[in-house]
Amino acid sequence: KIKLLFYLLCLSILSVSCADRTEKATGSSADEYANKRGSSGKTLEVLLVANESVYSGDTKRVVDSIFRSPQEALPQMEPRFDLVNIPMSSFQNTEMFVAPRNVIMLDINPENADKVYRKKDAYSAPQVVFDFAVSDRDKLDSLLRHYADRIHNEIYNAEYRRIKKVFDGMKNVELINAVSEQFGFKLSIPEEYEMAAQDVDYAWVRKEAKDFGLGVLIHQKPYADMNQLEMSACVAMVDSVMKRVPGPADGSYMGTESRLDIVSRKVDFNATSYCV
């Protein structure tokens, strides 16, 4: 069978080496973790530690293209990350600035070794730090482009783990079991969600707040062939399911916005299944 799960959200919301400048190259044990201060910061907030002379010109354009490029699949322009810039002296001399979860450090000095140092839980925990120590601006711009995807992935994965840990502490066990019994898999559903509608092949789980709504639609149908996972077929299936979700006006219902590019990716699922 194909199990299609999709989330509908309205949010208010060069040859180089990668080394480590700290002794803790692979992470912290439980005791070390307990002795570190807790990290802070908003979700997907990145602290950029760079002097004004560094964060300027072409380097600023490169940095902004990496961290302030538009997030895909939103109806309005929003940057991928919230970027906060402070000078190197503030980071070194102000205790509060070493606590953020995601830190990018840019340092240009002729004596630097042209390396990128990845530090895990260096100043607080959990924390990811990428420290660019380069000899000139051209090398810095080149290394930023080279490591852009890795930085994205590490920050996103760390945020996913953190948010999952929060959700794991406030599960709606009854709702999780209901989904599991119907579809054969488990979702970590927070306690403020409810089952809005349910049928033999369909479930709509939602949370309604004053200014926004969050919803999860789950639909299951028999597998026929791989053509069912082509993009046009997936969108048609999604739209057919979303017609069951009533809109604010009589006779209206939810649908896929065709004026925006549809974003998709293939995922290895349990090493045996094909998932889009």
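**Entry 1: the whole chain**

What share of the 276 residues in the protein chain is buried? I found 34% of them buried, where buried means under 20% relative accessible area, exposed means over 50%, and partly exposed is in between (1.4 Å probe, protein chains only). I noted that this is a predicted model, where local features need pLDDT of at least 70, side-chain atom pairs count only at pLDDT 80 or more, and totals for chains, interfaces and linings use all residues. Residues are numbered from 1 along each chain as its sequence is written, and side-chain values use heavy atoms, with hydrogens and water left out.

I looked up the secondary structure next: the protein chain has 6 helices and 12 strands. These are DSSP runs numbered from the N terminus (helices: H or I, at least four residues; strands: E, at least two). For the surface, I got about 16700 Å² exposed by the protein chain, with 50% of it supplied by carbon and sulfur atoms. Those areas come from the Shrake-Rupley method with a 1.4 Å probe; for residues, only the protein chains shown count as cover.

**Entry 2: the cores**

I then went for the largest nonpolar core (buried Ala, Val, Leu, Ile, Met, Phe, Trp, Tyr and Cys residues joined through side-chain atoms within 4.5 Å). It has 27 residues, and Phe-67, Ile-104, Leu-106 and Phe-132 touch the most other members. Two or more residues each come from strands E3 (45–49), E5 (102–108) and E7 (128–134), and from helices H2 (57–67) and H4 (137–168). H4 gives the largest share, 8 residues.

I picked Ile-104 for its contacts (heavy atoms within 4.5 Å). Leaving out residues up to four places away in sequence, Ile-104 touches Val-46, Leu-47, Leu-48, Val-49, Phe-67, Phe-130, Phe-132 and Ile-151. Apart from the largest core there is another one, of 13 residues, including Ile-176, Val-179, Ala-203 and Ile-218.

**Entry 3: Asp-64**

Is Asp-64 buried or exposed? I have it as buried, at a relative accessible area of 18%. Asp-64 is found in helix H2. Beyond residues up to four places away in sequence, I listed Tyr-55, Ser-69 and Leu-83 as its contacts.

**Entry 4: cysteines**

How many disulfides does the structure hold? I counted 0, taking a disulfide as a pair of cysteine sulfur atoms within 2.5 Å. Why is Cys-234 not bonded to Cys-275? The sulfur in Cys-275 is the closest cysteine sulfur to that of Cys-234, but at 9.1 Å it is too far for a bond. I also checked their exposure: Cys-234 is buried at 9% relative accessibility, while Cys-275 is partly exposed at 24%.
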